[in-house]
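Colleague: I would like to go through this chain with you, one question at a time. Please show the reasoning before each answer.

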Amino acid sequence: MKNSEEIKSKDSVSRRNFIGKTMLAGAGIAASSMILGTGSNQADAQTIDSKSTKSANKNFRKLGSLEVSPIGLGCMSMVAGFYNPAPLRSEMIRQIRTAVERGVTFFDTAEVYGPFTSEEVVGEALEPFKGKVVIASKFGFNYENGRTSGRNSRPENIRRAVEGSLKRLRIDAVDLYYQHRADPNVPIEDVAGTVKELIQAGKIKHFGLSEMSPETIRKAHAVQKVTAVQSEYSLLERVLENGVIPTCEELGIGFVPWGPTARAFLADRFNEYSRFAQEDRRASVSYFTPEAIKANLPLIALVREWALRKDVTPVQFSLGWLLAQKPFIVPIPGTTNPYHLKENLGAVDVRFTADELKEIRASLAQIKLQGVRSPDSVLVNQ
Ligand SMILES: NC(=O)c1ccc[n+]([C@@H]2O[C@H](COP(=O)([O-])OP(=O)(O)OC[C@H]3O[C@@H](n4cnc5c(N)ncnc54)[C@H](OP(=O)(O)O)[C@@H]3O)[C@@H](O)[C@H]2O)c1
């Protein structure tokens, strides 16, 4: 029998090989990007990285009746205001089209990202793939002088929002339209009723909810079938396992984890010395204070250990673990980086035995996390 040092050393070597291969393949994407320039026409879209593994569309998953690739692409940070300065629009168009080439069919945006500009980038990037991909967007806010000014899910604001989303996304119907946040001034039945009318009018195909309680999900579903619920869920942030995910399972609703890498924490990118620029959203996230990061490093140690055991990267292990929880879970990691995109999509090949999943659960139960949501937060709309 091999001792643990031998196993570790073999694992380290094969993981290095794996990362080396990934980097080489990634370099191929970068090279083809340079040759093709950053134009946004259909020819470019079709020639990007013809050697793509297309691994993301193995094992398509179902969100309710909606079929999507097992991993989607979050397009929030493709515009300013989130984790990074605004990247070049042309590069984000290329990033989205590279995702299509790699088999991703599920793209996530929202009216409020920008506001409006993320939808514009997604609309331009996916125009050549109309009807072949699923675009999810979200409504539920007011805007003044180009900035968000509070929640608003009144029927007239949903109708206004959908017209704008359709125009920016360059489509005839939004595939999946989520209420982004609950509006305390508008009963959920009225929101669901308005979406139902818009579905009947052919402007929306599927209804989604984001960051809602099990009770709200049930009330909405009774008026208009909910296809997907989207909330934060990762190895770090697991509170929704109590209540929300079981409700989705019971009602046949898909579940879409946002923040599936815990905003890159699970990529093993940070430690207690990490500091975030004021413009970086992480600066105000409770699990990114130096104290919380330090307290949560045992989770990173666990992620590292399992990444080695599975011969994958920390992010691939973390996304693979999410996929292994339920067949109706479809994470949407957000990335502006083509190497990260390829790495993330590799998570579809990570497999776990039932015993391994139990072992991971037992280890997770030993880790006291800091800065994460409280258990009762799951019962209220966020
Ligand atoms: N419904 C909601 O309320 C809500 C809230 C937030 C987000 N969302 C949606 O969910 C999507 C994902 O959530 P999120 O962006 O907050 O969290 P996330 O996907 O967990 O994290 C995104 C961050 O992780 C980094 N990253 C991604 N892959 C990486 C890798 N392989 N290695 C290292 N770093 C990596 C990205 O940087 P790089 O760009 O450098 O890769 C980015 O800074 C968003 O794009 C958005 O569409 C929804």
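Colleague: Is strand E8 (residues 174-179) largely enclosed or open, and how many of its residues are buried?
Modeller: This is a predicted model, and the answer is read from it. A residue is called buried if 20 or more other C-beta atoms lie within 10 Å of its own. Strand E8 is largely enclosed by the rest of the structure, because the buried residues number six of the six.

Colleague: Which residue of E8 stands opposite alanine 136?
Modeller: Strand E5 (residues 134-139) and E8 run parallel and are joined by four bridges. Alanine 136 has its opposite residue in E8, and that residue is leucine 176.

Colleague: Which residue in E9 stands opposite tyrosine 177?
Modeller: E8 is also joined to strand E9 (residues 204-210), by five bridges, and the two run parallel. Opposite tyrosine 177, in E9, is phenylalanine 207.

Colleague: What handedness does the β-α-β unit of E8, H6 and E9 have?
Modeller: The unit is made of E8, then helix H6 (residues 188-200), then E9. Its handedness is judged with the strands pointing away from the viewer, and a clockwise path over the helix counts as right-handed. For E8, H6 and E9 the result is right-handed.

Colleague: Which residue in E10 is the bridge partner of serine 210?
Modeller: Strand E10 (residues 226-232) is mostly covered, with seven of its seven residues buried. E9 and E10 pair in the parallel sense over four bridges. The E10 partner of serine 210 is glutamine 230.

Colleague: Through which helix does the chain cross from E9 to E10?
Modeller: The β-α-β crossover from E9 to E10 is right-handed. The helix it passes through spans residues 214-223 and is H7.

Colleague: Which residue in E11 is the bridge partner of glutamate 232?
Modeller: E10 pairs with strand E11 (residues 254-258) in the parallel sense, over five bridges. The link between these strands includes helix H8 (residues 244-251), and together they make a right-handed β-α-β unit. The E11 partner of glutamate 232 is tryptophan 258.

Colleague: Which helix gives the largest share of the largest nonpolar core?
Modeller: The largest nonpolar core has 92 residues, and Ile96, Phe107, Val122, Ile135, Tyr177 and Val229 have the most contacts inside it. Its largest share is six residues, from the helix at residues 314-325, H11.

Colleague: Which residues does isoleucine 96 touch?
Modeller: Isoleucine 96 is among the residues with the most contacts inside the largest nonpolar core. Leaving out residues up to four places away in sequence, isoleucine 96 touches Leu73, Cys75, Phe107, Val122, Ala125 and Leu126.

Colleague: What is omega for the cis peptide bond between glycine 114 and proline 115?
Modeller: Most peptide bonds are trans. Proline 115 is in the loop between strand E4 (106-108) and helix H4 (117-126). The bond joining glycine 114 to proline 115 is cis, with omega about -5 degrees.

Colleague: Is asparagine 145 buried or exposed?
Modeller: Asparagine 145 lies in the loop between strand E6 (141-144) and strand E7 (147-151). Its phi is positive, near 50 degrees, and it is a residue other than glycine. Because asparagine 145 has 5 C-beta neighbours inside 10 Å, it counts as exposed.

Colleague: What is phi of arginine 170?
Modeller: Most residues other than glycine have a negative phi. Arginine 170 lies in the loop between helix H5 (155-169) and E8, and is partly exposed, with 16 other C-beta atoms within 10 Å. Although not a glycine, arginine 170 has a positive phi of about 60 degrees.

Colleague: Within what arc do the buried residues of H10 fall?
Modeller: Helix H10 (residues 297-310) has 14 residues, and Leu299, Ile300, Val303, Trp306 and Ala307 are buried. These buried residues line one face of the helix, because seen down the axis of H10 they fall within an arc of 130 degrees.

Colleague: Against which helices do those buried residues of H10 pack?
Modeller: Just after H10, aspartate 311 takes a positive phi of about 60 degrees. The buried residues of H10 itself pack against two helices, H11 and H13 (354-365).

Methods. Residues numbered from 1 in each chain as written. Predicted model: local features only at pLDDT ≥ 70, side-chain atom pairs only at ≥ 80, totals over all residues. Buried ≥ 20, exposed ≤ 12 C-beta atoms within 10 Å, placed from the backbone. Pairing = 2+ DSSP bridges. Core = buried A, V, L, I, M, F, W, Y, C linked by C-beta atoms within 7 Å. Contact = placed C-beta atoms within 7 Å. Expected span 1.5 Å × (residues − 1). Arc of directions from axis to C-beta.
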